[in-house]
Amino acid sequence: MVVDADEGGLAIAGPEAGFGFQNIIGESTLLREAVRLAQRVAASRRTTVLLLGETGTGKELVARGIHYASDAAHEPFVAINCAAIPESLLESELFGHERGAFTGAHERKQGLMELARGGTLFLDEVHHLPAQLQPKLLRALESRSVRRLGGLNEFQVECRIVAAASPLLEQVVASGEFREDLYYRLNVFAVTLPPLRERMEDVELIARHYLALETREHGTPKRFSGDAIAALHTHRWPGNVRELKNVIERAVILAEDSPVVTAAHLMIQRRTSSPVAATEGAGAITIPAAGKLLEEIEREAVAITMQITGGNQAAAARLLGISRPTLAKKLARRGGDDR
């Protein structure tokens, strides 16, 4: 089982909250190869690691596995989602600030790189790191030193950096929105986590694991029916393991006191991996015989995708195959709101 943590802002965990490689369930060749690489780099305490994979494929769990399999397991594991913290606060969160550095900075604050000490700093969704912070992170990686916001002196940091990004990272680099030198500095040792649709042999194993967890919590043992197993293997799981977990949790609730979870309880037969097809009134871009400007087609595509995702820019950017900053610029040009 490979599961991402919640997509919140930041979290600091000690060894008692660790998730090791033993928590990763799956027998597929692709998954085992990814875990093998992660286990190998865990022994190299200073090596920067880049985890690539779609949302829900388990990047944070693998990052924790790397941390707790290293000789720095007794040190903190610090996680921050670069897309979840407002741009105006992210620099202070990462590097800290001195008293009086800005309005409201009433006392000195340690940054997360400092708080991680000799442990691990996990930068989730690093492809959303604002452009003005990229050179500062690059310098920190190269010199192993940082300067707090508003400070004059640099000090050494010892933490390992594990960064995670979607497969779109190279496109963001090619577009110039993510520094190429920072990309290469992060990409010292890359581990790619396969999407669930590419390791369908693991679906039933993971589903049974979650079923056991959920039924233990609800107190009524359950099993899957044959049609439920077939439905699990038919679905393409665009949300990967996170989606599968949610489907099983919902199914256990819907099954109530029944000992059998059926395909109807799974509620995936009416779902589709294509959000456009599943959204009534969305997804149609027409081009008249007289033609239509490419710019206008692009505006329509952005509008439809924002409608499909309910205004979620991160999800819309993933569907369009662009970075979130690029989407924000397109929304600004068309006068869209910034939700």
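Contacts between residues distant in sequence dominate the longer-range set in this predicted model. Among contacts in the protein chain that join residues at least 6 apart in sequence, 72% link residues at least 24 apart. The chain holds 15 helices and 12 strands. Of its 339 residues, 48% count as buried. Its accessible surface comes to about 16,400 Å². Carbon and sulfur atoms account for 51% of that surface.

Three aromatic pairs were found in a search of the whole structure. One of them is formed by F77 and F122, with ring centres 6.2 Å apart. The planes of these two rings lie at 25 degrees, under the 30 degrees that bounds stacking, so the pair is stacked. The pair links distant parts of the chain. F77 lies in strand β3 (residues 77-81), and F122 lies in strand β6 (residues 120-124). The two residues are 45 apart in sequence. F77 and F122 are both buried. Together with Y68, they form one aromatic cluster.

Helix packing was examined for α13 (residues 294-308) and α15 (residues 324-333). The two axes come within 11 Å and cross at roughly 110 degrees. This angle falls in the range of 65 to 115 degrees, so α13 is roughly perpendicular to α15. On the α13 side, the contact involves E298, V302 and M306. On the α15 side, L327, K330, L331 and R333 take part. By class, the contact has four nonpolar and three charged residues. No polar residue contributes to the contact of α13 with α15.

Terms used
Residues are numbered from 1 along each chain as its sequence is written. This is a predicted model: local features need pLDDT of at least 70, side-chain atom pairs count only at pLDDT 80 or more; totals for chains, interfaces and linings use all residues. Side-chain values use heavy atoms; hydrogens and water are left out. Axes are lines fitted to C-alpha atoms, for helices over the stretch in contact, and angles run from 0 to 180 degrees between N-to-C directions. Helices (H or I, at least four residues) and strands (E, at least two) are DSSP runs, numbered from the N terminus. Angles under 35 degrees count as roughly parallel, over 145 as roughly antiparallel, 65 to 115 as roughly perpendicular and the rest as oblique. Contact means heavy atoms within 4.5 Å. Ala, Val, Leu, Ile, Met, Phe, Trp, Tyr, Cys and Pro count as nonpolar, Asp, Glu, Lys and Arg as charged, and the others, Gly among them, as polar. Buried means under 20% relative accessible area, exposed over 50%, partly exposed in between (1.4 Å probe, protein chains only). Accessible areas come from the Shrake-Rupley method with a 1.4 Å probe; for residues, only the protein chains shown count as cover. Rings of Phe, Tyr and Trp (its six-membered ring) pair if their centres lie within 6.5 Å; planes under 30 degrees apart count as stacked, over 60 as edge-to-face and the rest as tilted.
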